[in-house]
Amino acid sequence: MDRKLENQKDLLNQDPKVELNSQSVAKNPLNSREVKPIQRRRPLRKNSRDKNSKPEFEERVIAIHRVVKVVKGGRRFSFSAFAVVGNKKGRVGFGHGKANEVQDAVKKAIKDAQNRLVSVPIYRKSTVPHEIAVKYLASKILIKPAPRGKGIVASNTVRAVVELAGYTDIYTKTYGSRTKINVVRATLKALLKLRTINQVAELRDLSPQQAQAQKV
């Protein structure tokens with residue numbers, strides 16, 4: 001018992017402060033002024049597009065149809081949308097989408113049009129290289145080149161395709177059925193059949209100057 005009391009007295013008499021060795025403090029690199037604070041690296045940010053920048057491709061909705069399907073439980077309604085996409089630099093596409101909501105159908109149509117882009121020739125950055133007439137089902141279309149500054153002479157349906165393709169001066173005339181979908185397909189069919197002067201020169205084994213002097 002006497003030893004336990006003596007040990008308790010010794011613990012109470014001890015100083016709680018701990019003396020640090022001066023040599024260990026000097027050797028500690030954390031206490032030196034040369035040590036720089038740890039800098040945390042910021043995560044790399046992806047290059048975000050400017051909100052004010054215009055998209056490369058423009059979209060236009062040609063038509064939206066409501067579709068009704070009769071089932072045992074009643075009638076089911078859905079929507080079918082048709083859209084045209086183009087960059088006004090010779091790239092244009094036509095797409096179709098179906099969904100239960102109008103917005104979803106339009107999104108599907110635009111995505112389908114982007115997946116079906118085709119290239120069309122533009123003569124002198126404004127018009128078509130030559131005249132052409134094409135028939136698609138019951139729709140017919142005639143396309144002619146126009147002088148610079150004339151503008152686009154076309155219906156609203158054909159104008160949407162021609163403008164997004166990049167033409168600014170052109171004559172067009174539609175015959176037969178005026179169904180929007182058939183007219184758009186006829187217009188794209190006509191634009192795809194256009195040939196540039198270089199292509200005609202290769203087919204006829206002529207120089208571009210000789211091919212330009214002749215009728216395409």
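Is Ser126 buried or exposed? The sections below answer this, then move outward to the sheets and cores.

## Ser126 and its loop

This is a predicted model. Ser126 has 3% relative accessibility. Buried means under 20%, so Ser126 counts as buried. The residue sits in the loop between strand E4 (118-119) and E5.

Beyond residues up to four places away in sequence, Ser126 touches Arg148, Tyr167, Thr168 and Asp169. One of these, Tyr167, is also among the residues with the most contacts inside the largest nonpolar core.

## The largest core

The largest nonpolar core holds 29 residues. Ile62, Val84, Phe94, Ile143, Tyr167 and Leu191 have the most contacts inside it. Five strands give two or more residues each: E1 (58-71), E2 (74-86), E3 (91-99), E5 (132-136) and E6 (139-145). Helices H4 (156-165) and H5 (180-192) do too. H5 gives the most, with 7 residues. Domain 1 (56-117) and domain 2 (119-215) both give residues to this core, so it lies between them.

Val84 shows the contacts at residue level. Leaving aside neighbours within four places in sequence, Val84 is in contact with Glu58, Glu59, Arg60 and Ile62. Its contacts also include Val92, Gly93 and Phe94. Ala160, Val161, Leu164 and Val184 are on the list as well. A second, separate core has 11 residues, including Val85, Ala99, Val106 and Ala113.

## Strands E1, E2 and E3

E1 and E2 run antiparallel, joined by 13 bridges. Val61 stands opposite Ala83 in E2. The hairpin from E1 to E2 passes through 2 residues.

E2 and E3 also run antiparallel, here with 8 bridges. Val85 stands opposite Gly93 in E3. The hairpin of E2 and E3 has 4 residues between the strands. In it, Lys88 takes a positive phi near 60°.

## One aromatic pair

The count of aromatic pairs comes to 1. The rings of Phe82 and Phe94 have centres 6.1 Å apart and planes at 10°, so the pair is stacked. Phe82 lies in strand E2 and Phe94 in strand E3, so the pair ties together parts that are 12 residues apart in sequence. Both Phe82 and Phe94 are buried.

## The four-stranded sheet

An open sheet of 4 strands follows the order E5-E6-E8-E7, with mixed pairing. E5 and E7 (152-153) are the edge strands, each pairing on one side only. E7 pairs with E8 (residues 170-176) in the parallel sense, over 2 bridges. In E8, Tyr171 is the bridge partner of Val153.

H5 packs on this sheet and touches E5, E6 and E8. The direction of H5 makes about 140° with that of E5. H5 is also the element that gives the most residues to the largest core.

## Helix H4

How many of the 10 residues of H4 are buried? The number is 7, so H4 is largely enclosed by the rest of the structure. The buried residues are Thr157, Val158, Ala160, Val161, Val162, Leu164 and Ala165. Among them, Ala160, Val161 and Leu164 are in contact with Val84. Just after H4, Gly166 takes a positive phi of about 120°.

How values were computed:
Residues numbered from 1 in each chain as written. Predicted model: local features only at pLDDT ≥ 70, side-chain atom pairs only at ≥ 80, totals over all residues. Heavy atoms only, no water. Core = buried A, V, L, I, M, F, W, Y, C linked by side-chain atoms within 4.5 Å. Buried < 20%, exposed > 50% of the residue type's maximum accessible area, 1.4 Å probe, protein only. Domains from an automatic or database assignment. Contact = heavy atoms within 4.5 Å. Phe/Tyr/Trp six-rings, centres within 6.5 Å; stacked < 30°, edge-to-face > 60°. Pairing = 2+ DSSP bridges. Axes fitted to C-alpha atoms, helices over the stretch in contact; angles between N-to-C directions.
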